[in-house]
Amino acid sequence: MIVNNPKFEISAVKPNQYPKNNLPEIVLVGKSNVGKSSFINTMINRKKLARTSSEPGKTRQINFYNIDEKFYFVDLPGYGFSKMSKKEQEQVGKFIEEYLFNRQQISLIIFLVDIRHSPSENDKLMYDYVIRAGLPFIILANKADKIAITKVDEASKSLQKVLNPIGDIPTLAFSSERKIYMDNVWNEIEKYI
């Protein structure tokens with residue numbers, strides 16, 4: 001897919017702030033610093049539309065990126081390590097839950113996990129959470145540039161075995177550095193928009 005005019009539209013924490021135009025929403029979930037913002041920038045071929053940070057826990061709102069008036073990439077705050085207080089974490093958890101369980105425009109969830117590590121307890125909890133939400137999703141084995149290219153398929157399969165042993169959820173490799181995986185991800189996204 002060629003993206004011509006992506007734009008950041010709004011950061012939201014409650015439903016009355018969400019966009020009102022009923023475009024499909026492709027939602028990114030994953031732990032802090034797994035590369036959700038870098039994923040957006042790579043997929044739309046821009047360097048800095050979605051702000052990236054080396055400091056985990058920077059995203060504290062739901063960020064909506066309008067992609068050519070066709071759909072939104074929706075970047076949710078990461079879970080796990082963060083400098084947020086317990087109270088802030090609870091508030092963020094509540095508005096994420098409200099969004100995931102009530103938003104009608106969600107077309108696909110992209111669940112990012114780090115290809116280099118076995119899924120954490122938090123990853124497993126998020127996987128179960130997404131399953132319970134009953135929405136279509138794919139697993140993205142991110143940061144594939146950090147391992148040898150010959151090991152990417154094997155690492156993706158072992159991630160899938162841990163999270164999705166029956167193998168009914170597509171698990172795709174991805175790397176913001178090596179753009180060789182983009183077409184596979186676009187093919188999945190296009191099925192839902």
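Reader: In what pattern do the helices and strands follow one another along the sequence?

Author: This is a predicted model, and the protein in it has five helices and seven strands. Read along the sequence, these elements follow the pattern β-β-α-β-β-α-β-α-β-α-β-α.

Reader: What radius of gyration does the protein have, and with what expectation does this value agree?

Author: The C-alpha trace spans about 45 × 40 × 30 Å along its principal axes. For 193 residues, a compact globule would have a radius of gyration near 16 Å, and the value for the protein agrees with this, being 16 Å.

Reader: What percentage of the residues in the protein is buried?

Author: The accessible surface comes to about 10000 Å², and carbon and sulfur atoms account for 48% of that surface. A residue counts as buried when its relative accessible area is under 20%. Among the 193 residues, the buried share is 51%.

Reader: Of the contacts between residues at least 6 apart in sequence, what percentage joins residues at least 24 apart?

Author: One example of a pair separated along the chain is Ile62 and Val13, which are 49 residues apart, with their C-alpha atoms 6.2 Å from each other. Among contacts between residues at least 6 apart, the share that joins residues at least 24 apart is 76%.

Reader: Which strand gives the most residues to the largest nonpolar core?

Author: The largest nonpolar core holds 63 residues, and the members that touch the most others are Phe39, Phe73, Tyr99, Ile110, Phe111 and Ile189. The strand that gives the most to this core, with seven residues, spans residues 106-114 and is β5.

Reader: Which residues does Phe111 touch, apart from those up to four places away in sequence?

Author: Phe111 is one of the core members that touch the most other members. With residues up to four places away not counted, Phe111 touches Val29, Gly30, Tyr79, Asp123, Met126, Tyr127, Phe137, Ile138, Ile139, Leu140 and Leu163.

Reader: Is Ile62 buried or exposed?

Author: Ile62 is placed in strand β3. Beyond its neighbours within four places in sequence, Ile62 is in contact with Ile10, Ser11, Ala12, Tyr18, Val74, Asp75, Leu76, Pro77, Phe95 and Tyr99. The relative accessible area of Ile62 is 0%, so this residue is buried.

Reader: How many salt bridges does a search of the whole structure find?

Author: Side chains of opposite charge can pair when their charged atoms come close. One such pair is Lys146 with Asp145, where the closest N and O atoms are 3.9 Å apart. The number of salt bridges found in the whole structure is seven.

Reader: How many residues apart in sequence are the parts that Glu69 and Lys7 tie together?

Author: Glu69 and Lys7 form a salt bridge, with 2.9 Å between the closest N and O atoms. Glu69 lies in the loop between β3 and β4, whereas Lys7 lies in strand β1, so the pair ties together parts whose separation in sequence is 62 residues.

Reader: Are Glu69 and Lys7 buried or partly exposed?

Author: The relative accessible area of Glu69 is 46%. For Lys7, the relative accessibility is 33%. Glu69 and Lys7 are therefore partly exposed.

Reader: Which parts of the structure does the salt bridge between Glu25 and Arg103 tie together?

Author: The side chains of Glu25 and Arg103 meet at 2.6 Å, N to O. Because Glu25 lies in one part and Arg103 in another, 78 residues apart in sequence, the pair ties together strand β2 and the loop between α2 and β5.

Reader: What relative accessibility does Glu25 have?

Author: Its partner Arg103 is buried, with a relative accessible area of 13%. Glu25 also counts as buried, and its relative accessibility is 0%.

How values were computed:
Residues are numbered from 1 along each chain as its sequence is written. This is a predicted model: local features need pLDDT of at least 70, side-chain atom pairs count only at pLDDT 80 or more; totals for chains, interfaces and linings use all residues. Side-chain values use heavy atoms; hydrogens and water are left out. A nonpolar core is a set of buried Ala, Val, Leu, Ile, Met, Phe, Trp, Tyr and Cys residues joined through side-chain atoms within 4.5 Å. Buried means under 20% relative accessible area, exposed over 50%, partly exposed in between (1.4 Å probe, protein chains only). Helices (H or I, at least four residues) and strands (E, at least two) are DSSP runs, numbered from the N terminus. Contact means heavy atoms within 4.5 Å. A salt bridge is a side-chain nitrogen of Lys or Arg within 4 Å of a carboxyl oxygen of Asp or Glu. The radius of gyration is taken over C-alpha atoms; the globule rule is 2.2 Å times the number of residues to the power 0.38. Accessible areas come from the Shrake-Rupley method with a 1.4 Å probe; for residues, only the protein chains shown count as cover.
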